[in-house]
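Welcome! Let us take a friendly look at the aromatic rings of this structure and at the company they keep.

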Amino acid sequence: MMNSLPFSPFLGLAIVFIFGALVGSFLNVCIGRIPDGESIVTPPSHCPKCKAPIAFYDNVPLLSFIFLRGRCRACSERISPRYFIVELLMAFFAVALFYWFGLSFSFSVSFVFVAALIVISFIDLDVRIVPDVISLPGIVLGLVFSAVGYFFFRNELSIVPSPLSSLIGILAGGGFLLATAWVYEKFTGVEGMGGGDIKLLAMIGAFLGWPAIPVTLFIASLLGSVVGITCMVLTGAGRRLALPFAPFLCSGALAYLFFANEIIELYLPSR
Ligand SMILES: [Zn+2]
């Protein structure tokens, strides 16, 4: 942990926190624009209501939201707290990953992975879609990372799976859910898990390897049930209450990312 630091640990954590917040700021752009098929590069950020361009000093991650009290400087329209939450989340996870893995190949790979999970979760919460433009390249990227890790970072204690484990993860993640969805639809006539969730689980398998699939599904189902039942009780909604499932799958994958060894020890003790 925290190995290979050329400077004081505190300075390192501060730099990683700021870097995470900046990336979070970019993730907000992705979350806002990908569902509409807009470019994530141009035009520069503007207020969604009055279209006023946002000056660089009003676009500082975390700080601007606090100074402007969550409102547009030009028209005082409320800015969604999502911007602040996403920046804080990415900054938090950047620090946590850095603390866990140090400045390593595992850190780089899991940083990209967590960023993708955050974008997917918030887009699913927003518009109930798991965007293919993230999950499909994510499947390929996870497999490529596993190959890079296998050939170049083999002696590093790594969370990156072997290419074989990654490939089985893709097939298990995609295949298991495809089969479940098919059976569910056959018996109930209702479309259960969406195709987007299936591609997301395949991406999770690609990045974390096949042992992550049952763990992710288990944690996601458990969390989903608890939150679902709580929502039904609180809102009085019926059984057809449909929660977006991607945030639960992402939470399961994150739990595995940080606690893989402890979790695997629990269900594959012979390893
Ligand atoms: Zn405005």
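Arginine 82 sits over the face of tyrosine 83, 4.7 Å from the ring centre. Arginine 154 is placed over the face of tyrosine 150, and here the distance to the ring centre is 4.0 Å. Please keep in mind that this is a predicted model.

Rings also meet other rings. A pair of aromatic rings is described by the distance of the centres and the angle of the planes. How many aromatic pairs does the count come to? The count comes to 16 aromatic pairs. One of them joins phenylalanine 56 and tyrosine 57, which is edge-to-face because the planes stand at 80°, over the cut-off of 60 degrees. Phenylalanine 113 and phenylalanine 207 also pair, and they are stacked because their planes are at 25°, under the cut-off of 30 degrees.

| Ring pair | Centre distance | Plane angle | Type |
|---|---|---|---|
| Phenylalanine 56 and tyrosine 57 | 5.3 Å | 80° | edge-to-face |
| Phenylalanine 113 and phenylalanine 207 | 4.7 Å | 25° | stacked |

Where do the stacked partners lie? Phenylalanine 113 belongs to helix 4 (residues 105–127) and phenylalanine 207 to helix 7 (residues 195–208), so their pair ties together parts that are 94 residues apart in sequence. Phenylalanine 113 is buried, at 1% relative accessibility, and phenylalanine 207 is buried too, at 4%.

Back at the edge-to-face pair, phenylalanine 56 is exposed, with 69% relative accessibility, while tyrosine 57 is partly exposed at 49%.

Finally, there is a cluster to look for: ring pairs link Phe92, Phe93, Tyr99, Trp100, Phe258 and Phe259.

Notes: Residues are numbered from 1 along each chain as its sequence is written. This is a predicted model: local features need pLDDT of at least 70, side-chain atom pairs count only at pLDDT 80 or more; totals for chains, interfaces and linings use all residues. Side-chain values use heavy atoms; hydrogens and water are left out. Rings of Phe, Tyr and Trp (its six-membered ring) pair if their centres lie within 6.5 Å; planes under 30 degrees apart count as stacked, over 60 as edge-to-face and the rest as tilted. Buried means under 20% relative accessible area, exposed over 50%, partly exposed in between (1.4 Å probe, protein chains only). Helices (H or I, at least four residues) and strands (E, at least two) are DSSP runs, numbered from the N terminus. A charge sits over a ring if NZ of Lys or CZ of Arg is within 6 Å of the ring centre and within 35 degrees of the ring normal.
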